[in-house]
Number of protein chains: 2
Amino acid sequence: MTDLITPVILSGGSGTRLWPVSTDERPKQFLNLNGPLSMFQLTLERCLEPKLFNPPIIVGSTKHAALAEKQLEETGITAAAHILEPCARNTAPAIALAALACENPQDLMLVMPSDHIIKNVSAFQKAVRQSLPLAKARWLVTFGITPNKPETGYGYIQQGDNIVGSVDSFAAKRFVEKPNMENAEKMLAEGGHYWNAGIFLFRADTFLSVLGEQAPEMLEAAQKAMDGAHRDGTQVKPDEPSFASAPSDSIDYAVMEKAEKVAVTPVDPGWSDVGSWDSLYEISSADDQSNVVTGTVTMIESSNNLVHADGMEISTYGIENLIIVASQNKVMVMPRSESQNVRKIVMEKNKDN
Amino acid sequence: MTDLITPVILSGGSGTRLWPVSTDERPKQFLNLNGPLSMFQLTLERCLEPKLFNPPIIVGSTKHAALAEKQLEETGITAAAHILEPCARNTAPAIALAALACENPQDLMLVMPSDHIIKNVSAFQKAVRQSLPLAKARWLVTFGITPNKPETGYGYIQQGDNIVGSVDSFAAKRFVEKPNMENAEKMLAEGGHYWNAGIFLFRADTFLSVLGEQAPEMLEAAQKAMDGAHRDGTQVKPDEPSFASAPSDSIDYAVMEKAEKVAVTPVDPGWSDVGSWDSLYEISSADDQSNVVTGTVTMIESSNNLVHADGMEISTYGIENLIIVASQNKVMVMPRSESQNVRKIVMEKNKDN
């Protein structure tokens, strides 16, 4: 049994929370909104430490296979496997595919979404390292992000007792779905509650065994899909009818909330899910007028704005606290405080079409 | 001597107050911001009443000759002459060219900028009709727009005594340059002050004779330019070196402020010089949410905005009192109250180039 970890990078998500830049054709994880690398590439590079990590397993959508391969190639990283989901079945079946693709049942998997930003990679790696003994001892380890505000957009994990012998890891006492503001404020004040970032560390066999207990039909579908998979180099195309028969469910619902040995390792690595334009503003470097600017932008008497000009020129005078995004012939303008309502625009526009 | 009036349409202006839609290549008068017709075309159609008007004389820039001809053709109107200024010399020399192009010295000229909007054409034509006897009697008639606010962006004309025998026309007592707010408020409160809209009615010989007194070198330059003009159909290309030697001055400075028999006919024809995006908002029809919208625009929870989408799609959520203009790969965003500051953006961008 090796101590090296296999990163499992989930890149099958679509989403329009950063519309009009993110689209179904080019979802958020493949955008480079915060520097030269896309969030997918940043996730790959987060696991480059050879004393800690094996080559990664990527699980993504067939639709974005070429885009993912191109971005992978740009990093110079060779994946152990690039699993192309024939259809979207949420995270639990996707992780099952990756677990079944591991060389050995005891392989350690670090499951990560590909569309998050982690600024302090060494803090993150340190938390992973300190959780290794737990994972090897068949715990399902979650990483809990220390909250800095009463966020209602994330699920929470409440810590229980300190796990004996661990360095600052706790038994997970309770998973809390996205709370209302009152409950979010209560958890923040109380302490011991962390944001569920969807990052997990466990042995492949631990995960598969709990999945077999909690969702046997999902495990069976994933196994059949991998047994019938078509392989081409590192690309793995699971059998479509088998995978399509898997229930669609998240790892949180299907496994974590029901399992017994679930741990939470608190960490504060400068994490963001970049779930809105305003959250991009918050994690980005602002200029002297507190504007976060990308592209050809002229701003006069304007402050505290996020302005993203993608192939167009944006000019402003006398504006504050706005988000202005121009991309692919589309322009979006809204107050920063309203950026969660991008989806309402997308819905309205889809209604028109 | 005929009673018919020759409209003289000044279309040589450039300007960037409606940037990024208006540019040097396509100045404001050739834009259709308020309906299917451009302001140039609306000006032409304002003088279609055959019992009142002769075919028009157009004075414009060589640079925009093809654009003007195309828009002229679309209206089906044939110009008496289309004079192409070889260089810009402000309004007084331009009007001199038109006066010299009139068939007869006594011809009546109605001089009009081509980039204004007049909603109530019959009120305007009525004011023109009632001023005819004055013009025939060698008055230089100005039309004074009844002010509805203490505007600091226009010059004013103060009325003097009622001209005996006229219908509501007055001797012009004083021309006031663009005032500060205090003086603008004073004039509004006092009454008897009107906005100078740059619209004039006079006989060609009256104008040329006053010009000969007040600015003889300008008259001489215009005469030489027309004597050496190249003619091609209705197009008249004045001799460039001669015209270039004319001093550059406005009709207000060169003629009106110095002449003796200057009249003002007050009129309230729903006039706007469309001198800013906000003034376009004010004269346009708004929707239920008080938004003025052009093009493909999706607005949610947004009110009191001007949104102009020219070839792009604009979407907004939760914004108020903004101007958003997208045209030719450029996007501009500012509060409606700041729309006079477009020029600062244009200056800043020119500095970059």
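Me: By what turn can chain A be laid on chain B?
Reply: This is a predicted model. The two chains superpose with an RMSD of 0.1 Å. The shift along the axis is 0.1 Å. The turn that lays chain A on chain B is 180°.

Me: Which kind of axis relates chain A and chain B?
Reply: Chain A goes onto chain B by a turn of 180° and a shift of 0.1 Å along the axis. That is therefore the relation of a two-fold axis.

Me: What percentage of the contact residues of chain A recur in chain B?
Reply: In the interface, 26 residues of chain A are in contact with 26 residues of chain B. The same surface serves both copies. The share of chain A contact residues that recur in chain B is 100%.

Me: Which elements give two or more residues to the side of chain A that touches chain B?
Reply: That side has 26 residues of chain A. Strands and a helix both contribute to it. The elements are β14 (292-300), β15 (306-317), β16 (322-327), β17 (330-335) and α11 (342-352) of chain A.

Me: How many nonpolar residues has the side of chain A that touches chain B?
Reply: Sort that side by class. Six residues are polar and six are charged. The nonpolar residues number 14.

Me: In which sense do β15(A) and β17 of chain B pair?
Reply: Strand β17 of chain B covers residues 330-335. It joins β15(A) over four bridges. The sense of the pairing is parallel.

Me: Which residue of β17(B) stands opposite A:S315?
Reply: Look at β15 of chain A, which spans 306-317. It pairs with β17(B). Opposite A:S315 stands B:M332.

Me: How far apart do the C-alpha centres of domain 1 and domain 2 of chain A lie?
Reply: Chain A is divided into domain 1 (5-272) and domain 2 (277-352). Take the C-alpha centre of each. The distance between these centres in chain A is 30 Å.

Me: How many residues of domain 2 of chain A are in contact with domain 1 of chain A?
Reply: Start from the domain 1 side. It gives 10 residues, divided into six nonpolar, three polar and one charged. The number on the domain 2 side is 16.

Me: Why do α6(A) and α7(A) count as oblique?
Reply: Helix α6 (residues 204-214) and helix α7 (residues 216-227) of chain A pack with their axes 5 Å apart. Roughly perpendicular ends at 115 degrees, and roughly antiparallel needs an angle over 145. The angle falls outside both classes, so α6(A) is oblique to α7(A), at about 125°.

Me: Which residues of α7(A) make the contact with α6(A)?
Reply: Helix α6(A) brings A:L208, A:L211 and A:G212. By class, the contact has five nonpolar, one polar and no charged residues. From α7(A) come A:P216, A:M218 and A:L219.

Me: Which residues of α6(B) meet α7(B)?
Reply: In chain B, α6 and α7 pack at an angle of about 125°. Helix α7(B) offers B:P216, B:M218 and B:L219. The residues of α6(B) that meet them are B:L208, B:L211 and B:G212.

Me: Which residue does a cis peptide bond join to A:W19?
Reply: Omega of this bond is about 5°. The partner lies in the loop between β1 (5-11) and α1 (39-45) of chain A. It is A:P20.

Me: What is omega near in the peptide bond from B:W19 to B:P20?
Reply: B:P20 has its place in the loop between β1 (5-11) and α1 (39-45) of chain B. The bond from B:W19 is cis. Its omega is near 5°.

Me: What is phi of A:N329 near?
Reply: A:N329 lies in the loop between β16 and β17 of chain A. The residue is not glycine, yet phi is positive. The value is near 70°.

Key
Residues numbered from 1 in each chain as written. Chains lettered and ligands numbered in written order. Predicted model: local features only at pLDDT ≥ 70, side-chain atom pairs only at ≥ 80, totals over all residues. Axes fitted to C-alpha atoms, helices over the stretch in contact; angles between N-to-C directions. Parallel < 35°, antiparallel > 145°, perpendicular 65-115°, else oblique. Contact = placed C-beta atoms within 7 Å. Nonpolar A, V, L, I, M, F, W, Y, C, P; charged D, E, K, R; others polar. Pairing = 2+ DSSP bridges. Least-squares fit on C-alpha atoms with pLDDT ≥ 70 in both. Domains from an automatic or database assignment.
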